[in-house]
Amino acid sequence: MTLLAAAGLNKRFGGVVAAKDVRFALNAGEMLAIIGPNGAGKSTTFNMVGGQLRPDSGRVLLAGQDITGLPPREVCRLGVGRTFQVAQTFLSMTVAQNVQMALIAHAGRTRELVSRAEALYRAQAVALLGKVGMAADADRPIGELAYGDVKRVELAIALAASPRLLLMDEPTAGMAPRERASLMQLTAGIAREEGIGVLFTEHDMDAVFAHADRILVLVRGEVIAEGTPEEVRANEQVKRVYLGTTGHKAALRARRAAHV
Amino acid sequence: MSDTVLQVEQLAAGYGPAEVLFGVALVLRRGEVAALMGRNGAGKSTTLKTIMGLLPPRAGRVRLAGQDITGWAPYRIARLGLGYVPEERRIFTDLTVAENLEVGRRPAQPGREAWTPEKLFAIFPNLAEMRRRRASAMSGGEQQMLTIARTLMGNPDAVLLDEPSEGLAPVIVELMAEAVLRMKEEGIAVLLSEQNLDFAAAVADRAYVIEKGSIRFQGSMAALEADEAIRQAYLTV
Amino acid sequence: MDAGFLLVQSLSGLASASSLFIIASGLTLVFGVTRIVNFAHGSFYMLGAYMAVTVVPWLLEIERSPWLFFVGVLISAAVVGLLGVAMELLLLRRIYKVPELFQLLATFGVVLMVQDAVLKIWGPVDITGPRAPGLRHGVEIMGQRFPAYELFLICAGPAVLGALWLLMHRTRFGVLIRAATRDREMVGALGVNQAMLFTGTLFLGAFLAGLGGALQIPRVSASAQMDLSIITEVFVVTVIGGMGSVTGAFLAAVLIGQLQAFGVLVFPKITLVLVFLLMAVVLVVKPWGLLGKPEPAAGRATLPEGILHPRGFALPEKLLAALAVAAALAVPVFGDAYAVKVATEVLVFALAAFSLHFLVGNGGIVSFGHAAYFGLGAYASGLLVVRLGVPMEPALLVAPVAGAAFAFLFGFFVVRLSGIYLAMLTLAFAQIAYAVCFQWVEVTGGDNGLVGVWPSAWATSRHVYHYIVAAGAIAGIVALRHVIYAPFGATLRAARDSAPRADAIGIDVRTHQLLGFTMAGGAAGLAGGLYAFSKGSIDPTMLAIPMSVDFLAMILLGGIQTVMGAVVGAGAFHAIKDIFMPLTDYWRFLLGASIIALVLLFPRGLGGAFASVRARVAAEPARA
């Protein structure tokens, strides 16, 4: 079943086209990676789905419901969890409190004045932390954790809203090499087990090719290829985007010869 | 004096809790062009920023012209002869082309001929036509040339060039390559970060490949071009 | 109204716009480069006027020439410029990297020190300056007489704008300043020594403030109140124009000058309100002012400057709290009348400071005008009692309602902004409230305020009233403290720590911040009401800037990271003020110096000291 559908998304910033007729679909339990060079429109696409940006035209459908242009908090309430390129957590809180805060927000209890926040949803929070392997650190201030562990906690925060869809913007950026694979494995495991769809952007090709079910390649705001990792790997046009055009290569060689 | 301009040892750095560099080591020799290759997010820009003092190193040493400059303020590093061209260009958009060059102006070292706007306009003819124009009204390629020209006005011995071909039209990329080779002819050592193998191959003598914050390959540019395995592993899809 | 009258009215608007612009251009230049909003800019203006009333008459003794008048004005401005250099070298240089709240407080410390220095050097009596030779006459314009000096001022503003334009575009120094305004870091990476650039900018900024002050001497006499009255207007001009934009400041000054000149004809009572209204509207439509540009993104997450992890009380803290409550209750039994008075005031300020801490420390909303809600609560109660004869009990209940209502009204605009713009807007709203209380003489009694705000018969004794205050203050503090630990308090901290994350987990950040702002306003209003009946009178100083700064100093002294720090800070601050004020004529100087010392040496306050002692004690057994 189609969980997320983007239909003809367009976005311009001034004269620059950041997204041009971007369309894709994502099924429940599936991991879809968006890759492409810097400035290709990955973040723009991502933010149009997450509600940070409103597309100039086109629609975003979540399980058939139109969520185009809704603010992030509304998008969240409809079952979309998100992690950021640079982890965004509540630095003054402990690991468990970060997750508890997400659970409180999910339950719509943020305006309560009487109960004690610390005591709410503690068990659920620890259970979620258990899922990402962070239960033992529940009571440490989040600022003390290694960055890779912060990213895991962020995943637990995103899972607190029992999402149908996870949006992960460069999930492994800033992590030490060996932490990366384990975070992606963890995410993939949870997604498949719980039938959560995952849309992620990534620069680490190991992460992309090892874990994505399908890959979307964006260049200058346009989808130039889409398919399984094997298909994308074999796609000549994609190769060219990363290696540069042959004509261009020849031109550069010629320049060099002229200077020797 | 030895022929090493810049020497980086076991450099570690990052942003907030995020670690990006894990013990980067490299050298830049007098008058050569070296390319720091790697994918997006591999740590290229962070390496250059840390060398320039824009990001505090968490461990390691940086030596410029034999002096230990680890932890120095960027302006002191610049005055010692290291130029920096950032990836995001960071042109002063409210200023005209001529004013942008003025900000970069520093006296040349004794016995060396100083760069002047006229000399730079000879290399970048487009800029000459728009000396009085605001930088915000320039195209991306013109801005990129301006950043290089602005840095040369400081009469550096070595220049850090962050992703010079990023997001530029092929014809501008060629001009960029020409500019790098001109710098080399003038005796300026260049350390450039690059994803584009063709561009690097066209200008660089030696290459480093960085992946996930550490150097995975170093050798001549020709050796890198010949090494299919390394290229497959770190530079392509 | 005939055309001549309107023209003259418009011209006088332009004359004040010119003066305002000259001063504001300095503030906006300094902000553009250093990113510090310098409260002491008003002090530089005042010093310019005082220097001029000293130097110019002395020069005119030599010869009554217009040239010597202006030479004197320039000398005064240059001296003030050098004072700006001194301030940069001694203070600003050390606070470029500290949070905005601390920067504002430190520069306000300078304001206090300069006030006393001025009183010491020039005495408390206003000094009238000489008029400019050759410009003392009036000029006939369409049948109306218009002072020649005002015409000169109208030209002075554009002349300064032109001179600044030349400086900024035709000199290397100016080009560097403009470059640094956009990207300081890149200027450094190109080999420019920022320290020198900043010092030079401070000279220029202070010079312009001094020039603005010196040019005023034929119009207004130099007085020790000039600094704070001008600084709010200048803040408004720079904020409307866009902080860092000189041209924007010029536009805003002209706009405000005309608004005032014609507003006075239509709404004579509320011209000031019009000005602030203009600012609120501009900021809601263009959050960075007319020609301002958004601050470059702050980038990486840093630990917030505020309450970190609020732990419950451990045993020693429970004992301390019990002891404090017991002491507050025991004062009427053991203490004399003076002790009771002091204890009552400490309780009132503890509640007010705690309500501000709820905003600043817990919510990260740096309000620079919290005295507004304190004062409006007081005025609401006081007006009911004095004008309508309502008894104390219901009047006291209205105080928190009034505080909350105004906080909701102002907060609606405030929570749309962040950082320095938010602080400036809270300050501006406080100044509206101050201006209304000050100017609306028929209702508020103006400068003299209201007298006869006495408690009901049963509560007139100091002792009984002390218990009423104790009940109100302690209940207020306990309730707010409880909220800090409740989901709502945690939500405010969450929004402060990371707005994107809060948004992404489904929190409506603005609405929560507005509710928090309202709650804090209510508590401050209650404190104000309690204070009014304890003094028996109210006056506009209750909602003036120094009162807001006192509250901020209290929470800073108490320790911004601890929950109860504000309460301790209120007690300590009041005690210090009470002990030192009678001892010296220069208490403001001391207070200013203490605030600066606090920011520089002791930024975690008493609470921070307590926490580190406790951490050391806790670590002791581990080491053994």
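**Exercise 1.** How many salt bridges are there between chain C and chain B? Describe the interface in which they lie.

*Solution.* The structure is a predicted model.

Step 1. The count of salt bridges between chain C and chain B is four.

Step 2. A salt bridge joins the side chains of B:E102 and C:R172, with an N to O distance of 2.9 Å.

Step 3. As for contacts, 19 residues of chain C touch 21 residues of chain B.

Step 4. Between them, the two chains bury about 2000 Å², and 57% of this lies on carbon and sulfur atoms. On the side of chain C, the residues that lose the most area to chain B are C:R172, C:M186 and C:L190, together 30% of what that side buries.

**Exercise 2.** Determine how helices α5 and α8 of chain C are oriented, and which classes of residue form their contact.

*Solution.* Step 1. Two packed helices are described by the angle and the distance between their axes.

Step 2. The axes of α5(C), residues 148-170, and α8(C), residues 194-215, come within 12 Å and cross at roughly 170°. Angles over 145 degrees count as roughly antiparallel, so α5(C) is roughly antiparallel to α8(C).

Step 3. Among the residues in contact are C:Y149, C:F152 and C:V160 of α5(C), and C:L204 and C:L208 of α8(C). By class, this contact has eleven nonpolar, no polar and no charged residues.

**Exercise 3.** Describe the pairing of strands β9 and β10 of chain A.

*Solution.* Step 1. Strand β9(A), residues 214-219, pairs with β10(A), residues 222-227, in the antiparallel sense over five bridges.

Step 2. Opposite A:I215 stands A:G227 of β10(A).

Step 3. Two residues lie between the strands of this hairpin, where A:R220 takes a positive phi near 45°.

Conventions: Residues are numbered from 1 along each chain as its sequence is written. Chains are lettered from A and ligands numbered from 1 in the order in which they are written. This is a predicted model: local features need pLDDT of at least 70, side-chain atom pairs count only at pLDDT 80 or more; totals for chains, interfaces and linings use all residues. Side-chain values use heavy atoms; hydrogens and water are left out. Axes are lines fitted to C-alpha atoms, for helices over the stretch in contact, and angles run from 0 to 180 degrees between N-to-C directions. Helices (H or I, at least four residues) and strands (E, at least two) are DSSP runs, numbered from the N terminus. Angles under 35 degrees count as roughly parallel, over 145 as roughly antiparallel, 65 to 115 as roughly perpendicular and the rest as oblique. Contact means heavy atoms within 4.5 Å. Ala, Val, Leu, Ile, Met, Phe, Trp, Tyr, Cys and Pro count as nonpolar, Asp, Glu, Lys and Arg as charged, and the others, Gly among them, as polar. Two strands pair if DSSP finds at least two bridges between them. Buried area is the accessible area (1.4 Å probe) that two parts lose on being put together, summed over both.
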